[in-house]
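This report covers one strand residue and its surroundings, then the nonpolar cores and the pairing of several strands. The sequence and structure are shown first.

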Amino acid sequence: MTGPAPLGPVDPFDLPEWLGEQAVTWHPEAGITGRPLVAGRLVSAQGEEQPCDLLAVDEAYPGPVADDAARTLAHQAWQHGQVHLADRRGRLTLAVPGREFTADAVLAALARLALALGSSPARMSALLTVGRDGSSAASLAP
């Protein structure tokens with residue numbers, strides 16, 4: 001049995017400058033609900049792209065998605081109004097407390113990313129889809 005993918009540190013100053021200088025929209029590859037890892041990308045108004053995933057570090061079933069050290073760093077950063085920037089399998093990953101994502105959690109993580117980049121949260125937006133799989137039909141069943 002393998003453990004969770006390692007989360008290496010990312011310095012916001014090592015990220016592309018356009019992330020802090022332009023309007024940026026985060027595009028998930030699928031719906032955000034019901035999953036601890038949401039793959040996505042940041043896209044500038046000029047079309048530049050940066051892979052950027054969201055990871056809810058507290059999910060532990062069927063196995064943990066982050067080790068204890070990464071969870072601690074994510075919680076510490078969040079407690080101080082920041083987001084833990086990590087490299088997970090070569091992709092920028094925003095590691096946040098929790099087990100899954102809501103629209104509010106996505107927006108909070110992106111606002112904290114903007115601050116880490118020296119930008120305004122008003123320059124960040126998210127394109128969210130309705131439904132668990134990214135389809136346009138939402139299930140009303142419990």
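Thr-93 is part of strand β7. In this predicted model, Thr-93 has a relative accessible area of 0%. The threshold for buried is under 20%, so Thr-93 counts as buried. Its side chain makes a polar contact with the backbone oxygen of Arg-91 at 3.1 Å. Beyond four places in sequence, the residues touching Thr-93 are Asp-53, Leu-55, His-84, Leu-85, Ala-86 and Arg-88.

What does Leu-94 touch, not counting residues up to four places away in sequence? The list is Cys-52, Asp-53, Leu-54, Leu-55, Val-83, His-84, Leu-85, Ala-109, Leu-110 and Leu-113. Asp-53, Leu-55, His-84 and Leu-85 therefore appear among the contacts of Thr-93 and among those of Leu-94. In a regular strand, side chains alternate between the two faces of the sheet.

Leu-94 is also one of the residues with the most contacts inside the largest nonpolar core, which has 24 residues. The others named in that group are Trp-26, Leu-42, Phe-101, Leu-110 and Leu-113. At least two residues of this core come from each of α1 (18–21), β2 (24–28), β5 (49–56), β7 (91–96) and α3 (103–116). Helix α3 gives the largest share, 5 residues. A second core, separate from this one, has 9 residues, including Leu-55, Val-57, Ala-66 and Ala-86. Two of these, Leu-55 and Ala-86, are in contact with Thr-93.

Strand β2 is largely enclosed by the rest of the structure, because 4 of its 5 residues are buried. It pairs with β4 (residues 40–44) and with β8 (residues 124–126): the β4 pairing is antiparallel, and the β8 pairing is parallel. Strand β4 is mostly covered as well, with 4 of its 5 residues buried. On its other pairing, β4 runs antiparallel to β5.

The bridge counts for these pairings are as follows.

| Strands | Sense | Bridges |
|---|---|---|
| β2 and β4 | antiparallel | 5 bridges |
| β2 and β8 | parallel | 3 bridges |
| β4 and β5 | antiparallel | 3 bridges |

Individual partners can be listed for each pairing. Between β2 and β4, Thr-25 is matched with Val-43, and His-27 is opposite Arg-41. Arg-41 in turn stands opposite Pro-51 of β5. Towards β8, Val-24 faces Met-124.

How many residues lie between β4 and β5 in their hairpin? There are 4, and Gly-47 in the turn has a positive phi of about 95°.

Notes. Residues numbered from 1 in each chain as written. Predicted model: local features only at pLDDT ≥ 70, side-chain atom pairs only at ≥ 80, totals over all residues. Heavy atoms only, no water. Core = buried A, V, L, I, M, F, W, Y, C linked by side-chain atoms within 4.5 Å. Buried < 20%, exposed > 50% of the residue type's maximum accessible area, 1.4 Å probe, protein only. Contact = heavy atoms within 4.5 Å. Polar contact = N/O pair within 3.5 Å; in protein donor to acceptor, adjacent residues only side chain to side chain. Pairing = 2+ DSSP bridges.
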